[in-house]
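Colleague: I've just opened this one and I'm new to it. Can you walk me through it?

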Amino acid sequence: MAYSESLAGRVRDVLERRKGVAEKKMFGGVGFLLQGNMLVGVWKDSLIVRVGTASYEYALGQPHVREFDVTGRAMKGWVLVEPEGIDEDRDLLAWIDWGWAYVAGLPAK
């Protein structure tokens with residue numbers, strides 16, 4: 001399954017006015033990077049969010065969220081938000097903002 005262009009478009013709409021964001025095809029989907037660091041991505045019909053290790057367990061406890069694991073080994077600090085968790089624009093924005101808060105604190109690559 002290719003990634004959801006619809007979801008990617010919604011993410012682009014949220015990020016289009018923010019500085020330092022780049023888009024890159026990766027892992028069979030599309031990723032959005034902030035100053036060279038992965039911020040969020042679209043994989044199939046779900047949103048991948050980089051939340052960091054400190055809030056990883058809390059993020060996993062949210063509805064419609066699971067580990068981001070496409071290789072058989074979960075990536076700690078990353079979560080996958082299923083479509084039901086991002087149906088509403090406010091929910092998508094909240095997840096993107098969560099990732100932004102973490103990634104903005106990382107050194108640029």
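Modeller: Sure. One term before we start: two strands count as paired if DSSP finds at least two bridges between them. Also keep in mind that this is a predicted model.

Colleague: Okay. In what order do the strands sit in the sheet?

Modeller: The sheet is an open one made of six strands, in the order 1-2-3-4-6-5, and the pairing is antiparallel. Strand 1 (21–26) and strand 5 (65–67) are at the edges with a single partner strand each, so one side of each has no neighbour in the sheet. From one strand to the next, the twist averages 25 degrees.

Colleague: How many bridges join strand 1 to strand 2?

Modeller: Six, with the two strands running antiparallel. Met 26 has Gly 29 in strand 2 as its bridge partner. The hairpin these strands make has two residues between them, and Phe 27 takes a positive phi near 40 degrees there.

Colleague: And what about strand 2 and strand 3?

Modeller: Those are antiparallel too, joined by five bridges. Leu 34 is bridged to Asn 37 in strand 3. In that hairpin, again with two residues between the strands, Gln 35 has a positive phi near 50 degrees.

Colleague: Is strand 2 buried or exposed?

Modeller: Buried. Six of the six residues in strand 2 are buried, so the rest of the structure largely encloses it. Gly 29, Gly 31 and Leu 33 cover one side, while Val 30, Phe 32 and Leu 34 are on the other.

Colleague: Why do they split like that?

Modeller: It's the usual pattern: in a regular strand, side chains alternate between the two faces of the sheet.

Colleague: Where else does that show up, say in strand 6?

Modeller: In strand 6, Trp 78 and Leu 80 point one way and Val 79 and Val 81 the other way, and all of them are buried. Strand 6 is joined to strand 4 by four bridges, antiparallel, with Ile 48 standing opposite Leu 80. Strand 6 also pairs with strand 5 over three bridges, in the antiparallel sense, and there Glu 67 stands opposite Val 79.

Colleague: Switching to helices. Which strands does helix 1 lie across?

Modeller: Helix 1 (residues 5–15) lies across strand 1, strand 2 (29–34), strand 3 and strand 4, and runs at about 145 degrees to strand 3. Its buried residues are Leu 7, Ala 8, Val 11 and Leu 15. Looking down the axis of helix 1, those fall within an arc of 100 degrees, so they line one face of the helix. They pack against strand 1, strand 2, strand 3, strand 4 and helix 3.

Colleague: What's on the face turned away from that buried side?

Modeller: The exposed residues Ser 6 and Asp 13.

Colleague: Which residues of helix 3 are buried?

Modeller: In helix 3 they are Leu 92, Trp 95, Ile 96, Gly 99 and Val 103. Down the axis of helix 3 the buried ones fall within an arc of 95 degrees, so they line one face as well. On the other side of helix 3, Arg 90 and Ala 101 are exposed.

Colleague: How far apart are the ends of helix 3?

Modeller: The end C-alpha atoms of helix 3 are 21 Å apart, which agrees with the 21 Å expected for its 15 residues at 1.5 Å a residue.

Colleague: So what's in the largest nonpolar core?

Modeller: That core has 25 residues, and Val 11, Val 40, Leu 47, Val 79 and Trp 95 touch the most other members. Helix 1, strand 2, strand 3, strand 4, helix 2 (56–60), strand 6 (78–81) and helix 3 each supply at least two of its residues. A second, separate core has six residues, including Met 38, Ile 48, Trp 78 and Leu 80.

Colleague: What is Val 40 in contact with?

Modeller: Leaving aside neighbours within four places in sequence, Val 40 is in contact with Val 11, Leu 15, Gly 31, Phe 32, Leu 47, Ile 48, Val 49 and Ile 96.

Colleague: Last one: where is Gly 20?

Modeller: Gly 20 is in the loop between helix 1 and strand 1. With 42% relative accessibility, Gly 20 counts as partly exposed. Its C-alpha is 5.2 Å from that of Gln 35, although Gly 20 and Gln 35 are 15 residues apart in sequence. Not counting residues up to four places away, Gly 20 touches Leu 33, Leu 34 and Gln 35.

Methods
Residues are numbered from 1 along each chain as its sequence is written. This is a predicted model: local features need pLDDT of at least 70, side-chain atom pairs count only at pLDDT 80 or more; totals for chains, interfaces and linings use all residues. Side-chain values use heavy atoms; hydrogens and water are left out. The expected span of a helix is 1.5 Å times one less than its number of residues. Buried means under 20% relative accessible area, exposed over 50%, partly exposed in between (1.4 Å probe, protein chains only). The arc is that of the directions from the helix axis to the C-beta atoms. Axes are lines fitted to C-alpha atoms, for helices over the stretch in contact, and angles run from 0 to 180 degrees between N-to-C directions. Contact means heavy atoms within 4.5 Å. A nonpolar core is a set of buried Ala, Val, Leu, Ile, Met, Phe, Trp, Tyr and Cys residues joined through side-chain atoms within 4.5 Å.
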